[in-house]
Amino acid sequence: MTTEFFGMLGAAICMGIAAIGSAIGIGIAGQGAIGAWKRCYVNNKPAPFILTVFAGAPLTQTIYGFLLMSIKLKTLGAENPGMALGLGIASGLAMCFSAIAQGKAGAAGSDALGETGKGFAQYIMVVGLCESVALFAMVFSMIA
């Protein structure tokens, strides 16, 4: 195997791990949204469509993984394969765990909003804080 292989592997790993985190986070947040909707239907309350925002929020980490892979890691892989591999793994994991945390926060936000009908702005701020970890990982990795 050539050393370039490891650089390209780092790019692919970054994208893959970020996407895995998005899938897990969406699953967690989606379960929370579905549970909140069910409770609304059982209680003959309107089911807030806005809960889809919480369910879909972790998807952005896949986009960040793709951007980092295509903009930085492919180029870096040719120049410094070891760094591209390490950066890809570390960045991918940061994005992955950000998406999982975001899914948990989104599930809690869905539960609270579905029950009370109040507090969307506060709940989405917490979801956004989880998002910022992935953004920082992407940006700092691009300037590394």
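I looked up Gly30 first and found it in helix α1. The model is a predicted one, and I kept that in mind for each entry.

Is Gly30 buried or exposed? The relative accessible area of Gly30 is 15%. Buried means under 20%, so Gly30 counts as buried.

I then checked how far Gly30 is from Phe54. Along the sequence, 24 residues separate Gly30 and Phe54. In space, their C-alpha atoms are 7.7 Å apart.

Next I turned to Cys96, which sits in helix α4. Cys96 has a relative accessibility of 8% and therefore counts as buried. I also looked up Cys96 with Gly27: the two are 69 residues apart in sequence, and from C-alpha to C-alpha I noted 13 Å.

How do the axes of α1 and α4 cross? Helix α1 covers residues 3–42 and helix α4 covers residues 81–116. I noted that their axes come within 7 Å and cross at roughly 5 degrees. Angles under 35 degrees count as roughly parallel, so α1 and α4 are roughly parallel to each other. I also wrote down the residue classes in the contact of α1 with α4: 22 nonpolar, 14 polar and five charged.

My last entry is on the surface. Which residues make the nonpolar surface patch of about 360 Å²? I listed Ile63, Phe66, Leu67 and Ile71. I picked out Ile63, which lies in helix α3, residues 60–79. Ile63 has a relative accessible area of 45%, so I entered Ile63 as partly exposed. Residues in a patch need over 30% relative accessible area, and the 45% of Ile63 fits that.

Technical notes:
Residues are numbered from 1 along each chain as its sequence is written. This is a predicted model: local features need pLDDT of at least 70, side-chain atom pairs count only at pLDDT 80 or more; totals for chains, interfaces and linings use all residues. Side-chain values use heavy atoms; hydrogens and water are left out. Patches are made of residues with over 30% relative accessible area and no salt bridge: like charges are joined within 9 Å, nonpolar side chains (Val, Leu, Ile, Met, Phe, Trp, Tyr) within 5 Å. Accessible areas come from the Shrake-Rupley method with a 1.4 Å probe; for residues, only the protein chains shown count as cover. A salt bridge is a side-chain nitrogen of Lys or Arg within 4 Å of a carboxyl oxygen of Asp or Glu. Helices (H or I, at least four residues) and strands (E, at least two) are DSSP runs, numbered from the N terminus. Buried means under 20% relative accessible area, exposed over 50%, partly exposed in between (1.4 Å probe, protein chains only). Axes are lines fitted to C-alpha atoms, for helices over the stretch in contact, and angles run from 0 to 180 degrees between N-to-C directions. Angles under 35 degrees count as roughly parallel, over 145 as roughly antiparallel, 65 to 115 as roughly perpendicular and the rest as oblique. Ala, Val, Leu, Ile, Met, Phe, Trp, Tyr, Cys and Pro count as nonpolar, Asp, Glu, Lys and Arg as charged, and the others, Gly among them, as polar.
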